[in-house]
Amino acid sequence: MYDFIDPTHPFLTTFRDDSDYNQSDELNEMERLFERHRLIDKVVAGTTPVDDLLDCLNDQEYDVDQYIDTVCDDIEFHIANDFGRLVDPSDLEFFQALR
């Protein structure tokens, strides 16, 4: 189920799997994923400059321009579909309108 109130959602990255990964590679990628997500949490909270996140992504061989474009597209999607507001879980009218 979609989490309507997670402000980090548009910024999140995914685990980059590769068929050539061995167990060590998978663990390293998991550590990089956690590092990215910790930085994203701090950027969204306003305690870390966005440049630190972009440097991390660049260091991990992400296409930073593509990441920014994807985040912007996701945010625009959230706004266009009214996912940008906090939703009371008991607001049945809101959830019925989504059908």
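## Asp51 on helix 2

Let's begin with one acidic side chain. Asp51 has a relative accessibility of 48%, so this residue counts as partly exposed, because that class covers values between 20% and 50%. The model you are looking at is predicted. Within the model, Asp51 belongs to helix 2, an element that spans residues 50-59.

## A negative patch on the surface

Asp51 also has acidic company. Together with Glu35, Asp52, Asp55 and Asp59, Asp51 forms a patch of negative charge on the surface. Helix 2 is the main contributor here, supplying 4 residues to the patch.

## The largest nonpolar core

Helix 2 has a part to play in the interior as well. The largest nonpolar core has 11 residues: Leu39, Ile40, Val43, Leu53, Leu54, Cys56, Leu57, Tyr62, Val64, Tyr67 and Val71. Two or more of these residues come from each of helix 1 (23-45), helix 2 and helix 3 (64-80). Helix 2 again gives the most, with 4 residues in the core. In soluble globular proteins, nonpolar side chains tend to be buried together.

## Glu61 in the loop

Now for the loop that follows. Glu61 sits between helix 2 and helix 3, and its relative accessibility of 70% means that Glu61 counts as exposed, because the cut-off for that class is over 50%.

The backbone at this position deserves a look too. Most residues other than glycine have a negative phi. Glu61 is not a glycine, yet its phi is positive, at about 65°.

Conventions. Residues numbered from 1 in each chain as written. Predicted model: local features only at pLDDT ≥ 70, side-chain atom pairs only at ≥ 80, totals over all residues. Heavy atoms only, no water. Patch = residues over 30% accessible without salt bridge, like charges linked within 9 Å, V, L, I, M, F, W, Y side chains within 5 Å. Areas by Shrake-Rupley, 256 points an atom, 1.4 Å probe, with all protein chains shown as cover. Salt bridge = Lys/Arg side-chain N within 4 Å of Asp/Glu carboxyl O. Lys, Arg positive; Asp, Glu negative; His and termini not counted. Charge placed at Lys NZ, Arg CZ, Asp CG, Glu CD. Buried < 20%, exposed > 50% of the residue type's maximum accessible area, 1.4 Å probe, protein only. Core = buried A, V, L, I, M, F, W, Y, C linked by side-chain atoms within 4.5 Å.
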